[in-house]
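User: I would like to go through this model with you. Could we begin with the packing and then move on to the internal spaces?

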Amino acid sequence: MSTAPPLPPLSSRHPIVIGALEALRAVLVLAVSVLVVAIAAWFTAIAQLQPLSAVLTWAGTLIAAASGWELTIGVGLPPTLLTIVLLALLTSALSRTRRALAANELLVRNGALPATRYAATIGITTCVVMIATVLLVAGLVVGTGEVSVVGCARFLVVVAVPVLIACLGPERRGAPAGRWAQALLDTVARRAGAEWADASEAALRVLRRVAAAWAIVSLLGLVIALVTGWSSMAEAVSGYSHPTVAAVGLGIVQLLYAPTLLVFVLSWVSGAGIHLNAVAHASPFSEQAGLVPAVPVLAAIPTDASAWGWAFLAVLPVAAGIAAVGRPRWADDLDWRTVVLAVVLVLVCATVISVFATGPIGPSGLGTFGVPVLAAAGAIGAGTAAGVAAGWGLSLLASRASADR
């Protein structure tokens with residue numbers, strides 16, 4: 001009596017099935033998470049007699065907000081902490097797909113499975129398309145998301161960044177570049193020369209250090225603002241009928257926007273400033289007397305110009321210079337090609353983070369809020385690029401001076 005062959009393990013199934021299963025896993029985790037949050041919100045608002053159907057709408061709206069879409073309720077500033085969680089979930093799904101496809105490829109080489117043309121492309125594309133479709137339907141059809149130019153740009157970033165990380169990143173921490181990344185570098189070497197391929201890798205290393213410098217500058221700036229503006233924050237909370245409850249609730253909301261606050265600090269330090277509403281614009285060398293939204297952390301933003309406000313413009317160049325040539329081996333890694341590519345990457349990253357730090361938070365004057373995208377991207381990018389270029393120039397002068405001795 002013949003028996004049916006056992007089902008192949010997950011890693012030995014067709015690439016489409018592998019991508020679909022990983023997408024389903026990510027979607028289930030996302031759906032359960034947002035439904036739990038929406039149900040908790042429904043119980044909180046049950047005194048307002050909200051229908052149970054509001055749970056699905058709220059869950060979809062949460063996905064829309066995390067995906068970067070503007071909402072029909074007049075809110076367009078994405079909760080960037082949730083966006084980062086969503087990025088991590090998508091990256092995990094795509095990375096698992098890539099590892100499963102790699103295991104599949106070993107079975108194909110051993111003759112245990114028939115070969116499939118473009119297996120990796122098919123599997124990863126399947127995963128991306130399924131997840132993106134779910135996000136679009138949940139955010140724009142079920143939730144209250146609406147299509148806008150900025151929202152489309154954010155959504156493309158949310159989908160594209162996990163793809164780039166999963167496909168071009170190493171298989172594991174500390175491992176060499178992945179196969180697709182190496183193929184890309186080989187293509188650059190064939191078409192533009194090995195120097196540009198080496199410069200591409202070095203520019204990525206510079207970008208990682210620059211990102212760390214951005215994080216340090218923004219964290220220090222935020223801490224200083226919170227310490228010096230503590231009395232203003234307390235005054236903002238005291239205006240509520242229940243200050244303690246307001247402080248807890250607003251604290252949770254502020255936490256959801258924590259990465260956005262760090263971008264605010266970068267924009268303020270760069271000189272581009274922050275739009276607090278349609279008429280109030282805060283920067284190191286300008287004063288504003290407009291009303292500030294009654295959010296404690298916003299009350300900590302300096303609103304008075306100082307005689308030495310222009311000195312803040314040196315913060316990003318100095319931090320970027322240290323990130324570029326702070327160690328001798330970092331300086332040895334630089335040449336003009338690396339500097340050019342690093343500057344391009346810095347400008348792209350500055351634009352991306354600026355797009356996620358702007359958007360309305362209410363009607364009327366609060367329709368203009370956050371960083372001015374073009375000004376912030378230009379100021380942050382230019383200041384950082386100037387620091388990298390200046391650091392490279394100083395390292396050349398130091399090398400020439402030591403060689404002349």
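User: What does isoleucine 301 touch, leaving out residues up to four places away in sequence?
Analyst: This is a predicted model. In it, isoleucine 301 touches Trp268, Ile274, Leu276 and Ala282, with residues up to four places away in sequence not counted.

User: And which residues of the largest nonpolar core touch the most other members?
Analyst: They are Val210, Trp214, Phe264, Ile301 and Leu316, in a core of 41 residues. At least two residues of this core come from each of α7 (194-228), α10 (258-270), α11 (296-299), α12 (315-325), α14 (336-355) and α15 (373-404). Helix α7 gives the largest share, 8 residues. Apart from this core lies another, of 37 residues, which includes Leu30, Trp69, Leu94 and Ala138.

User: Turning to cavities, how many are there of 30 Å³ or more?
Analyst: There are 2 cavities of 30 Å³ or more. The largest has a volume of about 50 Å³, and the second largest has about 30 Å³.

User: What lines the largest one?
Analyst: The lining of the largest cavity consists of Leu90, Leu94, Val128, Ile131, Ala132, Val159, Pro162 and Val163. Helices α3 (80-109), α4 (119-142) and α5 (149-168) each give two or more residues to it. By class, this lining has 8 nonpolar residues, with no polar and no charged ones.

User: Which residues line the second largest cavity?
Analyst: Ala26, Val27, Leu30, Leu89, Leu90, Ile131, Val134 and Leu135 line the second largest cavity. At least two of its lining residues come from each of α1 (15-44), α3 and α4. The class count for the second largest cavity is 8 nonpolar, no polar and no charged residues.

User: Let us move to α2. Why is it described as largely enclosed by the rest of the structure?
Analyst: Because 10 of its 14 residues are buried, α2 is largely enclosed by the rest of the structure. The buried residues are Ala54, Val55, Ala59, Gly60, Thr61, Ile63, Ala64, Ala65, Ala66 and Ser67.

User: How far does α2 reach from its first C-alpha to its last?
Analyst: Helix α2, residues 54-67, reaches 20 Å, close to the 20 Å expected at 1.5 Å a residue. Just after α2, glycine 68 takes a positive phi of about 100°.

User: What about pockets: how much space lies in the second largest one?
Analyst: The second largest pocket holds about 770 Å³ of space. It is lined by 19 residues, of which Ala41, Leu62, Val253, Leu256 and Tyr257 are the closest to its centre. Helices α1, α2 and α9 (243-256) each give two or more residues to the lining, and the largest share, 5 residues, comes from α2. By class, the lining of this pocket has 17 nonpolar, 2 polar and no charged residues.

User: One last residue: is valine 158 buried or exposed?
Analyst: Valine 158 is buried, with a relative accessible area of 0%. This residue is found in helix α5.

User: And what does valine 158 touch beyond residues up to four places away in sequence?
Analyst: Valine 158 touches Ala66, Ser67, Thr83, Leu86, Leu87, Leu90 and Phe356. Of these, Ala66 and Ser67 are among the buried residues of α2, and Leu90 is among the residues lining the largest cavity. Valine 158 and threonine 83 are 75 residues apart in sequence and 7.7 Å apart in space, C-alpha to C-alpha.

Terms used:
Residues numbered from 1 in each chain as written. Predicted model: local features only at pLDDT ≥ 70, side-chain atom pairs only at ≥ 80, totals over all residues. Heavy atoms only, no water. Core = buried A, V, L, I, M, F, W, Y, C linked by side-chain atoms within 4.5 Å. Buried < 20%, exposed > 50% of the residue type's maximum accessible area, 1.4 Å probe, protein only. Helix = DSSP H or I, 4+ residues; strand = E, 2+ residues; numbered from the N terminus. Contact = heavy atoms within 4.5 Å. 1 Å grid on protein atoms, 1.4 Å probe; cavity = no way out; pocket = protein on both sides within 12 Å on 5 of 7 lines; lining within 4 Å. Points joined across faces, edges and corners; volume = space filled by probe spheres on them. Nonpolar A, V, L, I, M, F, W, Y, C, P; charged D, E, K, R; others polar. Expected span 1.5 Å × (residues − 1).
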